[in-house]
Amino acid sequence: MVSSFSFQLVSVALLLLTFTENIHVCNSKRTAREYLRLPLLHRTPFPSPAEILSSDARRLSALHHRRRRGQVLKSPVVSGASTGSGQYFVDLQVGTPPQKLLLVADTGSDLVWLRCSACKNCTNRSRGSAFLARHSATFSPRHCFDSACRLVPHPKPNPCNRTRLHSPCRYDYSYADGSTTSGFFSEETTTLRTSSGKETKLEGLSFGCAFRISGPSVSGQSFDGAQGVMGLGRGPISFSTQLGRRYGNKFSYCLMDYTIAPPPTSYLTIGEAQNDVVSKIPKMSFTPLLINPLSPTFYYIGIKSVSVDGKKLPISPSVWSVDELGNGGTVIDSGTTLTFLAEPAYRLVLAAFKRRVRLPSSAEPGLGFDLCVNVSGVSRPSLPRLSFGLGGNSVFSPPQRNYFIEAAERVKCLAIQPVESDSGFSVIGNLMQQGFLFEFDKDRSRLGFTRHGCALP
């Protein structure tokens, strides 16, 4: 789920310096070893393969058409893949007194926004169904003349250009599939719990207070139970960027295996983790984060090679490159379940897997995958191993369960799909990321990853 709005990069740097200064922590007695954490939540039951494919297809369509020091915040993350969305959710407490809301954690968009209600007597609204702005003592719409107002897209015509009054900043954030969220660009206090168990209040978080919401990306099955989006992209209004100046301009997460019952808790960590045990985990590999000026929100990585069972496939480097129009490249995304590869690469990967599989093909109809095998009577099926050679001489070698899923009873399918559009990019989805700790370091422009650390509390 990605906005069609593109930032003017020249002015962003100046605005960002002022914008991020507005975030400050009320509790001044923090210790150097303390950090904040947000649990990532996971829904059950897991969706059918058809639901996954349908949801990912909608998201990829939106993604592809979009183009033209100190402490750590840590929060649990819940997978939304079970809703058919492939998304992970975060509980966030917003306002005074705090109101608990469920947001989609999305590395493919920037804006933080909440479903808002302007009700005066809200007794008829169920708790958590929307942010009740009138019930918060700290809610404040930003105004037209605030510099931060220039960082969001506005309705057309823009009311700020038609009045001399200090009126509220209105935003209109649209997605490529026609979905929209619009309302007041505002600021609020959020309440987060530190690693020591204490609560810390963060003032001045800018977000979209959405009074109008429409379209499948923000109101359909993929949004089941959520009241907004926590944008974690590279833009200046994302949650991670806003808090980066205070906590360290990086974030990390570990997506636990969704097949474990009960599912273990995953965590989203925002900030510098030098004093945390996570930073002491050995065998962290790094690959550069690349910047596509025409798609500045996304986290691009460079794929240099793909191997199956240790044999490098003859894929042209041009398949992975970004052209002068901003097309191509590879994005790592928390909001897509499956992995999608550019069609020339996918064709070679699929052929290599088919040559090496020694199991009978499945006759199960309608699964939507190009390679499915019957594993009946096989306790530990032998399947080919996939690895990606990345920029920086690092190698990403996920376990087989990250790219072979049980699509039907005793049927395993290769959970990779082709990107057929020339204007599209490849995507490493959250299923391929499971069981790894990923660290997005924006200051050093690098992505760190390791299989050591996901089991930490």
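**A note on the disulfides**

1. A good place to start is the disulfide that joins Cys-372 to Cys-413, with an S to S distance of 2.0 Å. Please keep in mind as you read that this is a predicted model. The torsion about the S-S bond of Cys-372 and Cys-413 is about 110°, so this disulfide is right-handed.

2. Where do Cys-372 and Cys-413 sit in the chain? Cys-372 belongs to strand E21 (residues 372-374), while Cys-413 belongs to strand E25 (residues 411-414). The pair is 41 residues apart and links distant parts of the chain.

3. Are Cys-372 and Cys-413 buried or exposed? Cys-372 has a relative accessibility of 11%, and since buried means under 20%, Cys-372 counts as buried. Its partner Cys-413 is buried too, with a relative accessible area of 0%.

4. How many disulfides does a search of the whole structure find? The search gives five, and this note goes through some of them, including the link of Cys-116 and Cys-209, whose sulfur atoms are 2.0 Å apart. The link of Cys-116 and Cys-209 is left-handed, with -120° about the S-S bond.

5. Cys-116 is part of strand E6 (residues 112-117) and Cys-209 is part of strand E11 (residues 199-214), so their disulfide ties together parts of the chain that are 93 residues apart in sequence. As for their surroundings, Cys-116 has a relative accessible area of 8% and is buried. Cys-209, at 0% relative accessibility, also counts as buried.

6. Next, have a look at Cys-149 and Cys-169, which form a disulfide with their sulfur atoms 2.2 Å apart. Why is this pair counted as a disulfide? The cut-off for the two cysteine sulfur atoms is within 2.5 Å, so a pair at 2.2 Å qualifies. About the S-S bond of Cys-149 and Cys-169 the torsion is about 90°, so the link is right-handed.

7. Which elements hold Cys-149 and Cys-169? Both lie in the loop between strand E8 (140-141) and strand E9 (170-174), so the pair ties together parts that are 20 residues apart in sequence. Cys-149 counts as buried at 3% relative accessibility, and Cys-169 is buried with a relative accessible area of 0%.

8. To recap the handedness while you have the structure open: the link of Cys-116 and Cys-209 is left-handed, the disulfide of Cys-149 and Cys-169 is right-handed, and the disulfide of Cys-372 and Cys-413 is right-handed.

Technical notes
Residues are numbered from 1 along each chain as its sequence is written. This is a predicted model: local features need pLDDT of at least 70, side-chain atom pairs count only at pLDDT 80 or more; totals for chains, interfaces and linings use all residues. Side-chain values use heavy atoms; hydrogens and water are left out. Helices (H or I, at least four residues) and strands (E, at least two) are DSSP runs, numbered from the N terminus. Buried means under 20% relative accessible area, exposed over 50%, partly exposed in between (1.4 Å probe, protein chains only).
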